[in-house]
Amino acid sequence: MTPADIQDALTRADRLLSRLEATRDGDRKALATKTRAVAAAKGRLAQRDAVDTYLRELQQDANRRSVATFETLLTALVQEVLPGEKPVRLDLTTERGLPALDIAVERPDGGREDVLEDNGGAMTNVVGMALRLIAVVKAGVGRFLALDEADCWIAPDRVPAFYRVLDDGAARLGVQCLAISHHDVAGFDAGLTVSRIAGRPGTGVAIEGPAASCAAQWRPEMPGFRFIRLIDVQGFADATLPLSPGVNALVGPNNHGKSTVIRALRAVFYGEVRDSLVRAGASAGRVEIGVAGGRVLRYVRQPKRTPVNLWSLHEADGSLVQENGTTFETGGRDVPAWVERLYGITRVEELDVHVAHQKFPVFLLGEKPARRSAVLSIGREAGLIRDMQALQRERVTEDQRTIREGEREIARLRETLAALDGLDALAETLHGLHDQAGALAAEAARLRDRSALAERLARASRLAAGAAARARALADLPGPEVGAELGRSLAEARNREALGRRVLAAATDLAVARGRVAALADLPPEAPSPQDTAQAAAHVARLRRLRAGLAEAEERAAALRDLPAPPALRPDAAATRQRLAEIGRRLAEAEDRKAAARDGLAAAEAEMAEVLASTGGRCPACGTPAAPAALLAGHRHARAGEAA
């Protein structure tokens, strides 16, 4: 296995060890977390009985406090309107895990009587009115209450007391009230704002009320309704009911339209409406309610148009209100969410808390105990405590499961960690292997350096041997003086060869000229005159060229007659020339080999000097001091045991 293979194997081992260490560290953290969770669960279970006892006591105390407060309030209201009546008693129990409220009166013998079934209508009127006030406040919604004939079963002489209780309760709770009554409450000793129905439905019903007095009681930012205007709504062509912040009463004869105001409010806030709300002969009926900031909440019922119901909110100048990119105008069958959000008048537990229906004067007394408790929020604290008890039971179950599953997980983690106990020792071993691998790599590098040095030494020896052989081959060559003589002879032979080539070329030119002269000798002295044709003109031009060529040939012939005869070559000239060429070629080759031998010897000496420099001036084979020239000439190596 090479050092590289060893390093790759160690790298893979490092990665595997890192993964195992990460797994071990993760298991250790998980073990610590799980151990803490199990310990916390066991600690909570140890306190289970104490927590259960505390929650039971807390629930009983909350029930006592909540019920006692409402009993006192209802009893005071009943006895204010109906002196001598029995005190009201509330019993808070549980049905299917939910708080359930029973409302009764206590007889002198300690027995209980149902308010609705066992008592008269006056008791029902008073308790129902008080329950509505409580529901409006406890529900945490809009503080507005509209009552329609809520005093219907109270004797006339007790009606003033009823309205005094209503006025006092509304003032204390901050609830704006509208009470519809057929009693003439104008002379009652109560702080009521009274308006009256005038006219008849056939000719148009009107409302007479203290508009200026009501308007003076409002500040722009105060919540509440300033007026209710009815336009083409049943018997009203256009009538306005002014409202003050406290208790407002609308009185008038029976069947003259008092309850139409209640019906209009139920249409606006509950979406409970029919086409009969629209005045006969009118295309649409409109309800307008003055609200804070000078704005007007408008509702329109338009039977033959789409949408059939339209809610909108207007500024004092009549423009639509726009906030955060939303225009407050919505059509459809259901009351828009923004109406409920702005004014808080909505059903609570599906009951009409804010706007009472004339035909259903009994409020909450006919409902199931659980719904009574939910609407009045009585037992809400107890309900919260029951939620805490349920949460405690869930926590106990969860803690038991945590302990059961956690202990199994702890055992598994400990078993897994036990199998990984040897990782630290393995890491130490792997670290040692890395050190050994580093040492092996260093030795391998030194071995490669020695091998390269030996290869360079062998190459230098081969170069030295080649240089010596070339030196021996050059020793037999002639000296410099012989080479100079041969060079002069070779140059003379080359000059003679060039002269011969020129003579041969001149002889060839002379023969060509003589042939031309012979060819032109037979021509007539004068050329015949041809006809004046294009062909004749061509012949004339050709003859002129031939004549010019003849003259030139004669001139050349005359010039060549004066040349001396070519020198006669000796019979052995060609052989001599060939021999001289061979001698020149061999001489050039010898010069080249001599230069190559000189260069090789210099390179060998330089490389040997570099080898000796790397060994400190000692022979790399035997370690004795040596010079480059001595190594090339044949160095005698020292034997084992000889001194360096």
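## A tour from Arg279 to helix H4

Start by selecting Arg279 and Gly235: a polar atom of the Arg279 side chain sits 3.1 Å from the backbone oxygen of Gly235. Keep in mind as you look around that this is a predicted model.

**Stop one: around Arg279.** Zoom out a little and you'll find Arg279 in the loop that runs between helix H7 (258-270) and strand S11 (285-290). Now add Gln234 to your selection. Its backbone oxygen is 3.4 Å from a polar atom of the Arg279 side chain. Which side chain of opposite charge is nearest to Arg279? Select Asp232, which is 4.4 Å away. Arg279 is buried but has no salt bridge, because a salt bridge needs the charged atoms within 4 Å. To fill in the surroundings, show the residues that Arg279 touches beyond four places in sequence: Pro201, Gly204, Asp232, Val233, Gln234, Gly235, Phe236 and Ala237.

**Stop two: Thr193.** Next, jump to strand S6, which covers residues 192-198, and pick out Thr193. Is Thr193 buried or exposed? With a relative accessible area of 11%, Thr193 is buried, because anything under 20% counts that way. Turn on the side chain of Ser244 as well, and you can draw a polar contact of 2.9 Å between the side chains of Thr193 and Ser244. Ser244 also appears among the residues Thr193 touches once sequence neighbours up to four places away are set aside; the others are Pro210, Cys214, Gln217, Val247, Asn248 and Ala249.

**Stop three: helix H4.** Now select residues 121-138, which make up helix H4. From first C-alpha to last, H4 reaches 25 Å over its 18 residues, close to the 26 Å expected at 1.5 Å a residue. Colour H4 by accessibility and you should see a mostly covered helix, with 15 of its 18 residues buried.

Within H4, click on Met129. Its relative accessibility is 2%, so Met129 counts as buried. What does Met129 contact, apart from neighbours within four places in sequence? Light up Leu147, Phe162, Val165 and Leu166 to see the answer. Then try a distance from Met129 to Ala150: the two are 21 residues apart in sequence, yet 7.0 Å apart in space, C-alpha to C-alpha.

**Last stop: just past the helix.** Follow the chain on from H4 to Gly140. Just after the helix, Gly140 takes a positive phi of about 70°.

Notes
Residues numbered from 1 in each chain as written. Predicted model: local features only at pLDDT ≥ 70, side-chain atom pairs only at ≥ 80, totals over all residues. Heavy atoms only, no water. Helix = DSSP H or I, 4+ residues; strand = E, 2+ residues; numbered from the N terminus. Buried < 20%, exposed > 50% of the residue type's maximum accessible area, 1.4 Å probe, protein only. Contact = heavy atoms within 4.5 Å. Polar contact = N/O pair within 3.5 Å; in protein donor to acceptor, adjacent residues only side chain to side chain. Expected span 1.5 Å × (residues − 1). Lys, Arg positive; Asp, Glu negative; His and termini not counted.
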